[in-house]
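I wanted to know what lines the main open space in this model. My notes follow.

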Amino acid sequence: MLTQEEEQRIISRVLSGDTDAFELLVLDQSRIVYNLALRMVGDPEDAADLSQEAFLKAYTNLATFRGECKFSSWLYKLTTNLCLDHIRKRNRHKTVPLVYEDDEGNEEFMEIPDETFSPETEAERRELQQEVRAGLDQLPPMQREILVLRELGGMSYLEIGQQLQLEEGTVKSRIFRARKKLCDILSKKGNLSGDGASKKQKEGGRDVHAL
């Protein structure tokens, strides 16, 4: 995993005209970005497409990256936003397959609207997603990054430690604090309440990731 300094040197090379150097960033982050997208959208092909789109968007907007955080953190946020947009579009046109027999006994296939979730349920889910995103934005940069890596990127404690150059014990404690902080933020907004909120806070907020 590249350090922040190494990322910045590569970015400087790209912005100076060495566009091929961007491949170094892609190679460093491709697996994590793909896993993040797959965890969010659940479809391997869609995840691959969204990963490519995230890297393309990062490349075309690289000049706007100010270096206040790691490039990888910025890239994860781009990926998350793209995945959320994809999920919204998919839900608007969601269908389920229906196989039936025609009069001659032949199997026919058609798509029908999926009414599994009522509009009210979908609205509540989208609202919670927005609140979680807003809550993540309120976390300190390190807590936000480490929570995204663990909950959305699906990385192990060891992998996160290697990415952020931290001891595994430090990673675990920071993730615990980040989860608890996010629980506190959501509780104040009324998204967690009663015994459920208390239990989640005691557990470090393991169930708060609604993205």
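I looked first at which helix gives the most to the lining of the largest pocket. It is α4, with seven residues. This helix spans 71–92. I keep in mind that the model is predicted.

Next I listed the helices that each supply at least two lining residues. Besides α4, they are α1 (4–15), α5 (119–138), α6 (141–152) and α7 (157–164).

I then looked up the whole lining. It holds 30 residues. Nearest the centre of the pocket lie Cys 69, Ser 73, Trp 74, Lys 77 and Arg 144. I placed these against the helix ranges: Ser 73, Trp 74 and Lys 77 fall in α4, and Arg 144 falls in α6.

What is the make-up of the lining by class? I find twelve nonpolar, nine polar and nine charged residues.

I noted the volume of the largest pocket as about 730 Å³.

After the pocket, I turned to the overall fold. I count nine helices and two strands in the protein. Along the sequence the pattern reads α-α-α-α-β-β-α-α-α-α-α. The two strands thus follow α4 in the order and precede α5.

How much of the protein is buried? Of its 211 residues, 36% are buried, with under 20% relative accessible area as the cut-off.

I also checked contacts with a separation of 6 or more. Residues 24 or more positions apart account for 57% of them.

Last, I looked up the surface. The accessible surface of the protein comes to about 12300 Å². Carbon and sulfur atoms hold 48% of that area.

Definitions and conventions:
Residues are numbered from 1 along each chain as its sequence is written. This is a predicted model: local features need pLDDT of at least 70, side-chain atom pairs count only at pLDDT 80 or more; totals for chains, interfaces and linings use all residues. Side-chain values use heavy atoms; hydrogens and water are left out. On a 1 Å grid over the protein atoms alone, a cavity is a set of points where a 1.4 Å probe fits but cannot get out, and a pocket is an open set with protein on both sides within 12 Å along at least five of seven lines; lining residues have an atom within 4 Å of a point. Grid points are joined across faces, edges and corners, and a volume is the space filled by probe spheres set on the points. Helices (H or I, at least four residues) and strands (E, at least two) are DSSP runs, numbered from the N terminus. Ala, Val, Leu, Ile, Met, Phe, Trp, Tyr, Cys and Pro count as nonpolar, Asp, Glu, Lys and Arg as charged, and the others, Gly among them, as polar. Buried means under 20% relative accessible area, exposed over 50%, partly exposed in between (1.4 Å probe, protein chains only). Contact means heavy atoms within 4.5 Å. Accessible areas come from the Shrake-Rupley method with a 1.4 Å probe; for residues, only the protein chains shown count as cover.
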